[in-house]
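These are my notes from going through a two-chain model. I went element by element and wrote down what I looked up.

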Amino acid sequence: MSVILTLVRKDLATFRRNRAAVAVTFLVPIMLIYIFGWVFGLNQKDKGPTGIRLAVVNASSNPAAQKLVEALKADPAFHVITTTENPDKTKRLLTEEDLRPQIHDGSYRYAVVIPADVVSAAKIGLHLKIYSDPRNDIEAQMVNGLLQKTLFSNVPQLLGQSLQARAKQFLGDGRFEQFNRDIANTVATAFGGDPAQIQRTIESGNFGLDQLKQPEKPADSTLRRLDDASAAAAAAPSGALAKEVAPAVTSSPSTTQDFFSQIIKIDQEQVTGKNVKSPAATRLVGGWAIMFLLFAVSGGAAAFFDEANTGVFQRILSAPVSRAQLLWSRFLYGVLLGLIQLMTIFVMGQFMYGIDIMGHLGNLIAVSIFAAACSAFGMLIAALAPNAVAASGLSTLLVMVMSATGGAWFPTSFMPEFMQTIGKFTLVYWSMEGFLQVLWAERTFVELLPTLGILAGITLIVMTVAIWRLNKKTIFQ
Amino acid sequence: MLSLRSVTKRYGALTALDGVSLDIARGEFFGLLGPNGAGKSTLMSLAAGLRSPDTGALTLDGVVITPAEPCTRTGTGLVPQSIALFQDLSGEQNLRIFGQLYGLHGYVLRERIDESLTAVGLADRRHDPVKNYSGGMQRRLNLITALLHRPKLLLCDEPTVGVDPQSRNAIFDYLEKCNREGLTIIYSTHYMEEATRLCSRIGVIDHGKILALGTLDELLTQLPFEEEIVFPATPATGPLAAQLRADGEVATLDGRHRFRPRPDFKLSNFYARAEALGLPPRQFTAARPSLEAVFLHLTGRNLRE
């Protein structure tokens, strides 16, 4: 045992002296997790993208259109550009003709035009034009989503105006006015209020959709959603109606999703992971931790060849040291380094994203030990590859494939079924399972045993094949 | 002390050692002289217990050396051909690790590390990473690492490859000192100068076989001539070298011809031919034959071919 410990100490000392290896093992994964945390909005202070350059041309005289421009300006997600420079350096408002060349020369990548016919009697809905240079699809979808959110959150009356215009064209002026008057009278009869004021509110297109975002308002404000001014004069609705309306109003900030979630009410109960403070971070950190563990142990494969080529193995084995002791020392070193690496990354995960490590420390260490045991993977690479260069290429390929199919980058449920099945044969998948069972599902140690058993089985298989192959090679001679 | 009995080792179709039998006595400084690929390193690795022979056996003081029994390796120390050290660690850390692998600990280990580093002039660089050492310093550390546990038998597998003359002499001095103190050494090399300087007995090896075995004088007596004539290999001397091939061996190495005459050849003939070709006599030197000549005589080729 003392021989094995000596060799493990040697490996740790060598690792500590190798600054590049230390950086790749600890700093790089932590930095990447931090960066990806920003990308995915995991950082607590981060509320999404900011400062996307967006050109806005407002060709509509509709007051709600100007309100939309102001709302876009107020949204930190956008840096709104409404003017451009003339050749004589004077400024003027952007026109639609300016957009194409300016997008082409890279001044901005997105532009929205609110045309004169933003609300049209010709069809239901709003008419907006978007010009873009969508360098990546995700960004383009994100901008569209943000625009929709701003629109529905701030100027929902534009949609109401569209409905009104369409109804007016369909019914004709006289019948349309009668139609609105009938609705206003019906509302006034049922809930009280001034029928004329209610009719003006309806005709403005403001159906009170924007009021859905104000949960703090009392339930008796049903009519205030139609018009704050008329609601002042409106009588309080019955208690029964108030109780019915109140639960539909969520306490979350107003978003497009909130709007629709109040139209379709879904009762949702989260069965597991209720106490997880940072769900996305829990998966992200676990995935990246196991991926970088594999990269670290793969580096050990190259070190295997280095020590063989420089004669260090021969020198060690010319001492009273058996091959078994040498291989066990490598294995223990891998487990130890892997455990330190995983725990360091998780602790940083707690520091950065509030992942609850301390509450699950025992089980997390258990899973980490078994996951780190898969560091035998590095020995397998050394056993399979003919030289250090091949080992490096092979390990990069295997780590990437296993990380992708095993769920280190994204949930395996995103992939086709056959890929999910393949993923279950990777140690990444079972390591991820272990981490999520501990940090997400808060399983007990006994409940973790099947997963730990599978990880141990993978280690056993990998180790057996590695030793068998290594003994067939001349790496020790 | 070390005994090899009909040892054969093959790598596929290549026979690296072919029925080698050899006895090394205690306190001997034995030289294993042969060109690259002759089988020297294989013999060393068998003696170090890194490999098993296909047939035959090696014993150290009567104990069979085998990779399966690590404890049989406590009596040997191996100085590999390469710098087999942990480059990122300091010289002292390297010595400590290898010392511990041989079971040394505590005060004894510390004392031996101090002694060894001082002996080869590395005491003041003990904390520096090995990668910052010069080639000669690394070679010296490579050597003392194998001696820390005080082995009975030291196996030096071409330990001075790429070493500057100063460091080489320092290594030679240290090895000679250790040998005087009773250490048995097997020293493999393809430099005849090293074997000539260091070794009390020399085995000439080629194609996996020991071709000759003995002291330097014993080996030289195997030659059919007592001296050789050395002269520059130039276009002017080319015709002379061609003529001499009929009267003995002419080897060309390092820009010089070495003429080893048959016993019945008269030196006066040589000078007569040289004079006839207009070659001045001052460029011809008569010298005692070397191990190179022995190797050439035994194998028909030069050591460094």
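I count a residue as buried if 20 or more other C-beta atoms lie within 10 Å of its own, and as exposed if 12 or fewer do. The model is predicted.

**Entry: helix H2 of chain B**

I began with H2(B), which is mostly covered, with eleven of its eleven residues buried. Charged and polar side chains are on that list too: I noted Glu92(B), Gln93(B), Asn94(B) and Arg96(B) among the buried residues. Ile97(B), Phe98(B) and Leu101(B) are also among them. I then asked what covers the buried residues of H2(B). The cover includes H1 (2–17) and H13 (312–318) of chain A, and also H3 (106–119) and H4 (135–145) of chain B. Just after H2(B) I found Gly103(B) with a positive phi of about 90°.

**Entry: the contact between the chains**

I looked up how many residues of each chain take part: 26 residues of chain B are in contact with 20 residues of chain A. On the chain B side, strand E6 (76–79) and helix H2 (91–101) each supply at least two residues. H2(B) gives the largest share of that side, five residues. By type, I have the chain B side as 15 nonpolar, eight polar and three charged residues.

**Entry: chain A overall**

For chain A I have 20 helices and six strands. Of its 477 residues, 39% count as buried. I also looked at how far apart in sequence the contacting residues are. Taking contacts in chain A between residues at least 6 apart, 72% join residues at least 24 apart.

**Entry: helix H2 of chain A**

I checked the length of H2(A), residues 19–39, against its ends. At 1.5 Å a residue its 21 residues should span 30 Å, and the end C-alpha atoms are 28 Å apart, so the two agree. I also found a bend of about 35° at Leu27(A), with a proline, Pro29(A), following within four residues. Pro29(A) is itself buried, as are Thr25(A), Ile30(A), Ile33(A) and Gly37(A). I traced the packing of the buried residues of H2(A) to helices H12 (279–309) and H14 (323–353) of chain A. After H2(A) comes Gly41(A), with a positive phi near 70°.

**Entry: the sheet in chain B**

I wrote down an open sheet of four strands in chain B, ordered E2-E1-E4-E5, with antiparallel pairing. Which strands are at the edges? They are E2 (14–24) and E5 (63–64), each of which pairs on one side only. Inside the sheet, I followed E1 (residues 2–11) and E4 (residues 55–60), which pair in the antiparallel sense over five bridges. In this register Leu2(B) stands opposite Leu60(B) in E4(B).

**Entry: positive phi outside glycine**

Most residues other than glycine have a negative phi, so I noted the exceptions I met. Ser6(B) has a positive phi near 50° and sits in strand E1 of chain B. I have Ser6(B) as partly exposed because 13 C-beta neighbours lie inside 10 Å. Asp61(B) also has a positive phi, about 50°, and is found in the loop between E4 and E5 of chain B. Is Asp61(B) buried or exposed? With 12 other C-beta atoms within 10 Å, and a limit of 12 or fewer, Asp61(B) is exposed.

**Entry: Ser45 of chain B**

I found Ser45(B) in helix H1 (residues 40–47) of chain B. It counts as buried because it has 22 C-beta neighbours inside 10 Å. I also looked up its distance to Leu78(B): the two are 33 residues apart in sequence and 8.6 Å apart in space, C-alpha to C-alpha.

**Entry: nonpolar cores**

The largest nonpolar core has 160 residues, and those touching the most other members are Val285(A), Leu293(A), Cys374(A), Ala376(A), Ala47(B) and Leu155(B). H12(A) gives the most to this core, with 18 residues. Apart from it I found another core of 25 residues, including Val57(A), Phe78(A), Val155(A) and Leu158(A).

I took Leu155(B) as one case to follow. Leaving out residues up to four places away in sequence, Leu155(B) touches Met44(B), Ala47(B), Ala48(B), Thr76(B), Gly77(B), Leu78(B), Val79(B) and Ile186(B).

Terms used:
Residues numbered from 1 in each chain as written. Chains lettered and ligands numbered in written order. Predicted model: local features only at pLDDT ≥ 70, side-chain atom pairs only at ≥ 80, totals over all residues. Contact = placed C-beta atoms within 7 Å. Expected span 1.5 Å × (residues − 1). Bend = angle between axes of the 7 residues up to and from the residue. Pairing = 2+ DSSP bridges. Core = buried A, V, L, I, M, F, W, Y, C linked by C-beta atoms within 7 Å.
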